[in-house]
Amino acid sequence: MTQARGERGDWLRLVTLNLWNLNPPLKQRMAALDAQARSLNADIYCFQEVSPVQPARLQLTMVEALRGFNISYAQTGEWKGRPEGLATLSRRAASDSIYERLPGASSDMDRGLLVTRYGRLFVINTHWAYRIDDEELRQMQARHAGAIIKELTGNKQNQVVFCGDLNTTADSRTVQLFLKQTGLLHVLDPSPDTFSSKNIFADPALTVDRAIDHIFVSPNIEFRSPEVLSSVDGIHASDHFAVSVDIRPRK
């Protein structure tokens, strides 16, 4: 999907990826992300499981291709004492960014939404509860997120992108109810697996070969070229695969 940004005109490339926090081999993984970012040449990145390698220094600072991007970051909680959160990076400075906590802490950590606004475009980055048997909790989180989206899209000028690691598939009751509630469109359905046995970092104990990372858009956003992205020269940046899409928000 390599393409010079100038060739895309007024289309924006958006990518979502769970970064798999600080798991080893971190240096090699961030080098793979750097190569992937150079190839993608994206305008907006939504990352989950973003953690500091040092106080006030996120692992994203190891990725040279992302230096110079505007960063919105929110810590959602801690995993075994390690801070973890959401980060949305963009070439264009955001109008504002807020964090909305989602209801019901699971047995792992709190969850939330990072809502970053670019004029009338709202990019919502999230990471829902991860355990297989947490489906009721994910439904609570989906309803809460859906209410926020309905409020935003009540203004017909607003445009919404909702993305992240939802830890559930597009055909799940949770996602189906969420799409019905919000009226959002799935950019890639059916989707190739994003948590896959083809990825050497994916833990089979967490149930692999599922498409659990998604991008949804409001109907007033055009989209094209959705894709699941795997490795760079055989090296994976994470235990998840990234998802990308080109969008053209209405001016």
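## Strands that pair

Two strands count as a pair when DSSP finds at least two bridges between them. Keep that rule in mind as you look at this predicted model, and start with strands S13 and S14. Strand S14 covers residues 242-249, and 7 bridges join S13 to S14. Because the rule asks for at least two bridges, these 7 bridges make S13 and S14 a pair. The two strands run antiparallel.

You can pick out one of these contacts yourself. Which residue of S14 is the bridge partner of Glu-227? The partner is Ser-244.

## The sheet around them

Now step back to see where this pair belongs. S13 and S14 sit at one end of the order S5-S6-S2-S1-S14-S13, which describes an open sheet of 6 strands with mixed pairing. Which strands form the edges? They are strand S5, residues 70-79, and strand S13, residues 221-229, and each of them pairs on one side only. On average, neighbouring strands of this sheet are turned by 15° against each other, if direction is ignored.

## Two pockets

Next, look for the open spaces. The largest pocket has a volume of about 480 Å³. Its lining is made of 26 residues, and those nearest the centre are Trp-20, Glu-49, Tyr-130, Leu-206 and Asp-239. Sorted by class, the lining of this pocket holds 10 nonpolar, 10 charged and 6 polar residues.

The second largest pocket contains about 370 Å³ of space. Here 17 residues form the lining, with Leu-12, Arg-92, Tyr-118, Leu-121 and Pro-249 nearest the centre. How many of the lining residues in the second largest pocket are charged? There are 8, alongside 5 nonpolar and 4 polar residues.

## An enclosed cavity

Finally, how many cavities of 30 Å³ or more does the structure hold? It holds 1. The largest cavity has a volume of about 40 Å³. To find this cavity, look for Glu-49, Thr-76, Glu-84, Gly-85, Leu-86, Met-109, Arg-111 and His-127, which line it. You have already met Glu-49 among the residues nearest the centre of the largest pocket.

Which strand gives the largest share of this cavity's lining? Strand S6, spanning residues 82-90, contributes 3 residues. S6 is also part of the sheet, where it stands between S5 and S2 in the order. By class, the cavity lining divides into 3 charged, 3 polar and 2 nonpolar residues. Gly-85 is one of the lining residues, and glycine is counted as polar here.

Terms used:
Residues are numbered from 1 along each chain as its sequence is written. This is a predicted model: local features need pLDDT of at least 70, side-chain atom pairs count only at pLDDT 80 or more; totals for chains, interfaces and linings use all residues. Side-chain values use heavy atoms; hydrogens and water are left out. Helices (H or I, at least four residues) and strands (E, at least two) are DSSP runs, numbered from the N terminus. Axes are lines fitted to C-alpha atoms, for helices over the stretch in contact, and angles run from 0 to 180 degrees between N-to-C directions. On a 1 Å grid over the protein atoms alone, a cavity is a set of points where a 1.4 Å probe fits but cannot get out, and a pocket is an open set with protein on both sides within 12 Å along at least five of seven lines; lining residues have an atom within 4 Å of a point. Grid points are joined across faces, edges and corners, and a volume is the space filled by probe spheres set on the points.
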